[in-house]
Amino acid sequence: MSKPHSQRRNLMREQLAHDAARLIAEDGIVDFAFAKRKAARQMGASDTQHLPSNQEVGEALHSYRALFQHESHPAILFQLREEALATMRLLAEFRPYLTGSVLSGAAGERSDINLMLFSDDSKAVLLFLLKNNLEFEDGEWRVRLGGHEENVPSYTLTGEFGTRIHIVVLPENARHSGGRHPERHADIAAVEAMLAS
């Protein structure tokens with residue numbers, strides 16, 4: 001591939017990442033794939049095979065928020081993390097981890113909170129929610145565990161401020177699989193430390 005063509009492609013990916021980030025930040029789009037496709041359509045490049053990665057969009061989103069939303073965004077993020085922590089404390093017996101955009105800092109006003117819980121008893125979380133009279137929607141989530149795809153229970157709660165809180169219940173051994181990365185998974189203590197700093 002010629003160098004000018006390669007540079008053009010990289011510039012296009014970068015532009016698409018920034019346009020997708022702007023759509024997420026301004027229009028409240030929460031689906032990165034949708035934002036990338038919409039940005040490509042707006043650029044007249046809907047057939048491109050060179051969409052940016054979610055990581056590239058995430059980095060562009062951090063830059064965008066730092067530049068254009070530096071006054072409003074920290075308060076929104078703080079509120080989302082506080083709400084996540086309150087839910088994590090409520091579900092503490094299932095050793096919750098915060099994941100996704102609320103942890104990474106990319107979340108905006110309309111973002112959802114994503115939590116992972118651990119239990120070998122697939123009904124334990126359901127019974128806990130029922131016992132505590134919490135309103136929820138139940139479903140399933142497809143995850144990769146031990147090298148193969150599996151369906152695991154998921155529940156969606158609505159938080160105090162209308163925020164949707166998605167909970168995925170994984171088997172206990174998934175907690176010990178070595179797959180916890182501090183930048184992508186935070187337990188109660190880590191979220192407390194984040195809010196205190």
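A helix here is a DSSP run of H or I with at least four residues, numbered from the N terminus. Ala75 has its place in one of these, helix 4. The model is predicted.

**Exercise 1. The sheet**

Task: In what order do the 5 strands of the open sheet lie, and which are the edge strands?

Solution:
- Step 1. Read across the open sheet: the order is 1-2-5-4-3, with mixed pairing.
- Step 2. Find the strands that pair on one side only: these edge strands are strand 1 (97-99) and strand 3.
- Step 3. Look at the twist: from one strand to the next, it averages 30°.

**Exercise 2. The hairpin**

Task: In which sense do strand 3 and strand 4 pair, and over how many bridges?

Solution:
- Step 1. Locate the strands: strand 3 covers residues 136-145, and strand 4 covers residues 148-158.
- Step 2. Their pairing is antiparallel, over 10 bridges.
- Step 3. Check partners in strand 4: Glu137 has Thr156 as its bridge partner, and Trp141 stands opposite Val152.
- Step 4. Inspect the turn: 2 residues lie between the strands, and Gly146 takes a positive phi near 55°.

**Exercise 3. Helices on the sheet**

Task: Which strands do helix 4 and helix 6 touch?

Solution:
- Step 1. Helix 4 (residues 73-90) packs on the sheet and touches strand 1, strand 2 (113-118), strand 4 and strand 5 (164-170). The directions of helix 4 and strand 2 make an angle of about 20°.
- Step 2. Helix 6 (residues 124-131) also packs on the sheet. Helix 6 touches strand 2, strand 3, strand 4 and strand 5. The direction of helix 6 makes about 5° with that of strand 4.

**Exercise 4. Helix 4 up close**

Task: What span should helix 4 have at 1.5 Å a residue? Is Ala75 buried or exposed?

Solution:
- Step 1. The expected span is 1.5 Å times one less than the number of residues. Helix 4 has 18 residues, so the helix should span 26 Å.
- Step 2. Compare with the model: the end C-alpha atoms of helix 4 are 26 Å apart, which agrees.
- Step 3. Exposed means over 50% relative accessible area. Ala75 has 52%, so Ala75 is exposed.
- Step 4. Contrast other residues of helix 4: among the buried ones are Leu77, Leu80 and Met88.

**Exercise 5. A buried arginine**

Task: How far from Arg65 is the nearest side chain of opposite charge?

Solution:
- Step 1. Place Arg65: this residue is in helix 3 (residues 54-68).
- Step 2. Arg65 is buried. The nearest side chain of opposite charge, Glu109, is 8.1 Å away.
- Step 3. A salt bridge needs the charged atoms within 4 Å. Arg65 has no salt bridge.
- Step 4. List neighbours beyond four places in sequence: Arg65 touches residues including Ile24, His70, His73 and Gly105.

Methods
Residues numbered from 1 in each chain as written. Predicted model: local features only at pLDDT ≥ 70, side-chain atom pairs only at ≥ 80, totals over all residues. Heavy atoms only, no water. Pairing = 2+ DSSP bridges. Axes fitted to C-alpha atoms, helices over the stretch in contact; angles between N-to-C directions. Contact = heavy atoms within 4.5 Å. Buried < 20%, exposed > 50% of the residue type's maximum accessible area, 1.4 Å probe, protein only. Lys, Arg positive; Asp, Glu negative; His and termini not counted.
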